[in-house]
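Grab a coffee and work through these three exercises with the model open beside you. Try each task before you read its solution.

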Amino acid sequence: MALKLLGVSGSLRSNSSGLRALSLVLDAARELGAETRLLDLRVSSLPMYNPDAEPDEHVTRVLADVTWAEAFVLASPDYHGTMSGAMKNFLDYHWSEFSGKLFGYLCASHEKGVTAMEGMRLAVRQCYGWSLPYGVAINSEHDVDASGNIINPRLQSRLRMTARDMVVYGSLLHGQFTEDLAKNIPETFAARYG
Ligand SMILES: Cc1cc2nc3c(=O)[nH]c(=O)nc-3n(C[C@H](O)[C@H](O)[C@H](O)COP(=O)(O)O)c2cc1C
């Protein structure tokens with residue numbers, strides 16, 4: 001079965017370098033047999049999360065993509081050393097939908113984006129999601145040309161590696177989690193989601 005991989009772009013900038021990198025990962029994942037979707041928060045019109053609000057059509061559409069997904073790649077700009085507000089807002093909407101699924105991380109940063117990716121990793125861990133043990137930083141000043149194309153071959157290679165690892169490890173983890181859910185074994189963390 002093809003892995004269902006959702007890429008989430010957390011930049012509202014029209015020429016986002018993070019979105020370019022994410023598109024490369026999704027293209028490479030498709031070549032490796034995955035089904036992919038892109039959730040671009042620039043156009044998703046997701047309102048600010050309010051636990052008291054009834055879900056509108058935008059919230060419902062995003063939830064459909066999240067529920068469809070078996071693994072995620074999150075791409076955020078580095079804003080003040082952490083993820084963008086748009087990405088945090090997206091994460092605030094979901095919890096149990098993330099459990100047992102693998103997440104990969106991209107960060108557009110003038111530095112290495114480590115703390116921003118750690119922030120996303122922390123939120124995902126809190127929701128019982130798995131994380132790839134590395135992330136990929138895009139430095140828009142050096143890695144991207146004036147048209148927004150990724151021109152750094154080492155970065156291209158790291159992005160393809162992310163795609164490969166997401167497809168392979170994402171499929172393994174999702175397969176095992178699904179099996180554990182079906183068996184409802186009390187000694188696995190999947191049991192609480194059955
Ligand atoms: C409000 C704001 C805060 C930022 N804070 C940082 C920062 O702390 N560290 C950093 O390296 N870059 C910072 N940047 C630069 C962005 O991370 C950088 O421009 C990035 O390429 C934007 O991602 P995008 O091209 O996907 O929109 C900041 C930019 C903005 C607008």
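A disulfide here is a pair of cysteine sulfur atoms within 2.5 Å. Keep in mind that this is a predicted model.

**Exercise 1. Count the disulfides in the whole structure, and explain the count from the positions of Cys 107 and Cys 127.**

Step 1. Start with the chemistry: a disulfide is a covalent bond between the sulfur atoms of two cysteines.

Step 2. Take Cys 107 and look for its closest cysteine sulfur. That sulfur belongs to Cys 127 and sits 19 Å away, so it is too far for a bond.

Step 3. Run the check from the other end. For Cys 127 the closest cysteine sulfur is that of Cys 107, again 19 Å off and too far for a bond.

Step 4. Now check the surroundings. Cys 107 is buried, at 0% relative accessible area, and Cys 127 is buried too, at 10%.

Result: the search of the whole structure turns up zero disulfides.

**Exercise 2. Work out whether strand β3 (residues 71-77) is enclosed or open, and find which strands pair with it.**

Step 1. Count buried residues. Seven of the seven in β3 are buried, so the strand is largely enclosed by the rest of the structure.

Step 2. Split the strand by face. In a regular strand, side chains alternate between the two faces of the sheet. On one side of β3 you get Ala 71, Val 73, Ala 75 and Pro 77, and on the other Phe 72, Leu 74 and Ser 76; all are buried, and both faces are covered.

Step 3. Look for the partners. Strand β1 (residues 4-9) runs parallel to β3 and is joined to it by five bridges. Strand β4 (residues 102-108) also pairs with β3 in the parallel sense, over seven bridges.

Step 4. Use Leu 74 as your landmark. Val 8 stands opposite Leu 74, and Leu 74 stands opposite Tyr 105 in β4.

**Exercise 3. Describe what surrounds the ligand and which atoms contact its oxygens.**

Step 1. List the shell. It holds 15 residues, and the closest are Ser 11, Arg 13, Ser 16, Asp 78 and His 80.

Step 2. Sort the shell by class: three residues are nonpolar, nine polar and three charged.

Step 3. Find the backbone contacts. A backbone N or O atom of Gly 18 lies 3.0 Å from a ligand oxygen, and a polar backbone atom of Ala 108 is 3.2 Å from a ligand oxygen.

Step 4. Add a side chain: Glu 111 puts a polar side-chain atom 3.0 Å from an oxygen of the ligand.

Step 5. Finish with the cover. On its own the ligand has 630 Å² of accessible area, and the protein covers 74% of that.

Terms used. Residues numbered from 1 in each chain as written. Predicted model: local features only at pLDDT ≥ 70, side-chain atom pairs only at ≥ 80, totals over all residues. Heavy atoms only, no water. Near = heavy atom within 4 Å. Polar contact = N/O pair within 3.5 Å; in protein donor to acceptor, adjacent residues only side chain to side chain. Areas by Shrake-Rupley, 256 points an atom, 1.4 Å probe, with all protein chains shown as cover. Nonpolar A, V, L, I, M, F, W, Y, C, P; charged D, E, K, R; others polar. Buried < 20%, exposed > 50% of the residue type's maximum accessible area, 1.4 Å probe, protein only. Helix = DSSP H or I, 4+ residues; strand = E, 2+ residues; numbered from the N terminus. Pairing = 2+ DSSP bridges.
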